[in-house]
Amino acid sequence: MIQPLDIDFIRRRRPVSLACVVLLLAGLVTVGVTLSDYLDARNDLERLEARQARMQRGQRQESLALRRAEPAAQPLAEIPTVDSIAARLRLPWDAMLQELERHADAPVALLSVESQGHGRGLRLTGEAKSMADVLAYVSRLGASPRIGSATLSGHEARMAGAVRVIRFSLDVTWSPGL
């Protein structure tokens, strides 16, 4: 035989405990605080994005204004003439570089040779093992008939790995007869 189902629709539920109510209220407060923080952060983000857009528009306008502005005209006195450029190109660079190489020896290494642009001046940069080597190189250059003057314009002691070297710069002028 089959047993009938015993369903009681009128049975009472358990009463809600105080702990459940406290947990529900704590959860609601947490959701409220989190929602408030989220809305504040979203407002801050919108303000910062609007500020960034204003700054980018300002930068674009400044760059457009700079592009539109005509470059300042260079004074005629500063524009090199064809004659002065041709005169610089006609200088005997080969003879001067050969003279510099002739006086260089093992304790002195030239790192760069730069023209000063006007006249017959050069700026030499090099390294030597000691200050005595630098001074000997300067005196050899000064004694050369092709060099008008050689002046030590600066020096500093440096470490190149484990070796102490003197980095120096010289101002050299060519002799007028060169």
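How many bridges join E3 to E4, and do these strands run parallel or antiparallel? Let's find out in a predicted model, one close-up at a time.

**View 1. The pairing of strands E3 and E4.**
Here is the reply to our opening question: E3 and E4 run antiparallel, and 12 bridges join them. E3 covers residues 147-160, while E4 covers residues 163-174. To see one bridge for yourself, find methionine 159, whose partner in E4 is arginine 164.

**View 2. The turn of the hairpin.**
Now follow the chain from E3 into E4, where 2 residues lie between the strands of the hairpin. Look for glycine 161 in this hairpin, as its phi is positive, near 75 degrees.

**View 3. Two serines on neighbouring strands.**
Serine 153 sits in strand E3, and serine 169 sits in strand E4. Although 16 residues separate serine 153 from serine 169 in sequence, their C-alpha atoms are 5.6 Å apart in space. Is serine 169 buried or exposed? With a relative accessibility of 15%, serine 169 falls under the 20% cut-off and so counts as buried. Serine 153, at 38%, counts as partly exposed. Leaving aside residues within four places in sequence, serine 153 is in contact with Arg123, Ser169, Leu170 and Asp171. On the same basis, the residues that serine 169 touches include Arg123, Leu124, Thr125 and Ser153.

**View 4. The largest nonpolar core.**
In soluble globular proteins, nonpolar side chains tend to be buried together. The largest nonpolar core of this model has 18 residues, and those touching the most other members are Leu100, Leu124, Tyr137, Leu141, Phe168, Leu170 and Val172. Two or more core residues come from each of helix H3 (93-103), strand E2 (121-128), helix H4 (131-143), E3 and E4. E4 gives the most, with 5 residues. Take leucine 100 as a starting point: beyond its neighbours within four places in sequence, its contacts include Leu122, Leu124, Tyr137 and Leu141.

**View 5. An aromatic pair.**
Searching the whole structure turns up 1 aromatic pair. The ring centres of tyrosine 137 and phenylalanine 168 are 6.4 Å apart and the planes are at 55 degrees, so this pair is tilted. Tyrosine 137 belongs to helix H4 and phenylalanine 168 to strand E4, so the pair links distant parts of the chain, 31 residues apart. Both tyrosine 137 and phenylalanine 168 are buried.

Key: Residues numbered from 1 in each chain as written. Predicted model: local features only at pLDDT ≥ 70, side-chain atom pairs only at ≥ 80, totals over all residues. Heavy atoms only, no water. Helix = DSSP H or I, 4+ residues; strand = E, 2+ residues; numbered from the N terminus. Buried < 20%, exposed > 50% of the residue type's maximum accessible area, 1.4 Å probe, protein only. Contact = heavy atoms within 4.5 Å. Pairing = 2+ DSSP bridges. Core = buried A, V, L, I, M, F, W, Y, C linked by side-chain atoms within 4.5 Å. Phe/Tyr/Trp six-rings, centres within 6.5 Å; stacked < 30°, edge-to-face > 60°.
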